[in-house]
Amino acid sequence: MKRIGRGIWLLAVLFCATLPGVAAEARGVRDPWVPLPVDAKLVTDPAALTALFADHTVRGVYLPEGTKWREYSAADGRTVWEFDGCLHPGTWRVSGSAICYVYPTWDNGRPQCFVVYQSEQLTHFVWLDPATGEQWLISNGVELAEGNPDHLPLDGAPNCGDPAV
């Protein structure tokens with residue numbers, strides 16, 4: 001009898017563990033690491049996306065490993081992204097309901113586009129795979145600050161040093 005009870009308990013745990021992934025998958029978002037929170041809302045209005053990022057600094061973490069990053073997006077379309085101790089200057093723009101970044105030093109300068117979800121505590125970046133159209137939750141913005149409080153340099157050559165995040 002103990003075995004049957006333990007088996008039912010394990011099935012219940014497995015069933016409950018898959019429910020959050022089903023909710024994210026239903027939205028068309030692949031979530032290989034963690035699902036979107038149930039309160040996450042897709043930001044589709046181009047003006048709202050622009051207001052969310054123009055002259056703001058995002059501090060975030062990549063999933064699943066938790067590597068920290070930060071990025072300042074100036075209102076004039078310039079941006080600088082710091083990841084793993086390297087600064088990558090580039091440009092950003094809103095294209096429909098996605099935000100796209102171009103860094104000459106990253107992925108041969110190909111645009112990296114994301115749809116953005118917001119939940120109560122986080123901003124979620126879902127990468128749009130240009131080859132397949134699939135969507136992957138790859139990063140969470142844990143803080144969105146006005147301006148450039150970290151004084152990340154928009155101009156200049158890319159450089160690498162000690163991670164400052």
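**Exercise 1. Which residues form one aromatic cluster?**

Open the predicted model and display the aromatic side chains.

*Solution.* Step one is to pick out the members: F53, Y62, W69, W81, F83, Y101, Y103, W106, F114 and F125 form the cluster. Step two is to count ring pairs, taking centres within 6.5 Å as the cut-off. The count comes to 11 aromatic pairs.

**Exercise 2. Classify the F53 and F125 pair, then the F83 and W106 pair, as stacked, tilted or edge-to-face.**

*Solution.* A pair of aromatic rings is described by the distance of the centres and the angle of the planes.

Start with F53 and F125. Their ring centres are 5.8 Å apart and the planes stand at 50°, so this pair is tilted. F53 sits in helix α2 (residues 46-53) and F125 in strand β9 (residues 123-128), so the pair ties together parts that are 72 residues apart in sequence. Both F53 and F125 are buried.

Now take F83 and W106. Here the centres are 6.1 Å apart with planes at 85°; angles over 60 degrees count as edge-to-face, so the pair is edge-to-face. F83 belongs to strand β5 (residues 78-83), while W106 lies in the loop between β7 (98-102) and β8 (112-118), so the pair ties together parts that are 23 residues apart in sequence. W106 is partly exposed, with a relative accessible area of 35%.

**Exercise 3. Find the strands that pair with β3, and give the sense of each pairing.**

*Solution.* First, locate β3 itself: it covers residues 56-62, and six of its seven residues are buried. Next, look at strand β4 (residues 68-73), which runs antiparallel to β3 and is joined to it by six bridges. As a landmark, V61 stands opposite K68 in β4. These two strands form a hairpin with five residues between them, and G66 in the turn has a positive phi of about 85°. Finally, turn to strand β10 (residues 135-146), where seven bridges make another antiparallel pairing with β3. The bridge partner of V58 in β10 is L144.

**Exercise 4. Which residues of the largest nonpolar core touch the most other members?**

*Solution.* Among the 18 residues of this core, the answer is F53, W69, I99, Y101, V116 and F125. Then ask what each element supplies: α2, β3, β5, β7 and β8 each give at least two residues, and α2 gives the most, with three. To finish, zoom in on V116. Leaving aside neighbours within four places in sequence, V116 is in contact with ten residues you can select by name: K41, L42, V43, L49, L52, F53, I99, T123, H124 and F125.

Conventions
Residues numbered from 1 in each chain as written. Predicted model: local features only at pLDDT ≥ 70, side-chain atom pairs only at ≥ 80, totals over all residues. Heavy atoms only, no water. Phe/Tyr/Trp six-rings, centres within 6.5 Å; stacked < 30°, edge-to-face > 60°. Helix = DSSP H or I, 4+ residues; strand = E, 2+ residues; numbered from the N terminus. Buried < 20%, exposed > 50% of the residue type's maximum accessible area, 1.4 Å probe, protein only. Pairing = 2+ DSSP bridges. Core = buried A, V, L, I, M, F, W, Y, C linked by side-chain atoms within 4.5 Å. Contact = heavy atoms within 4.5 Å.
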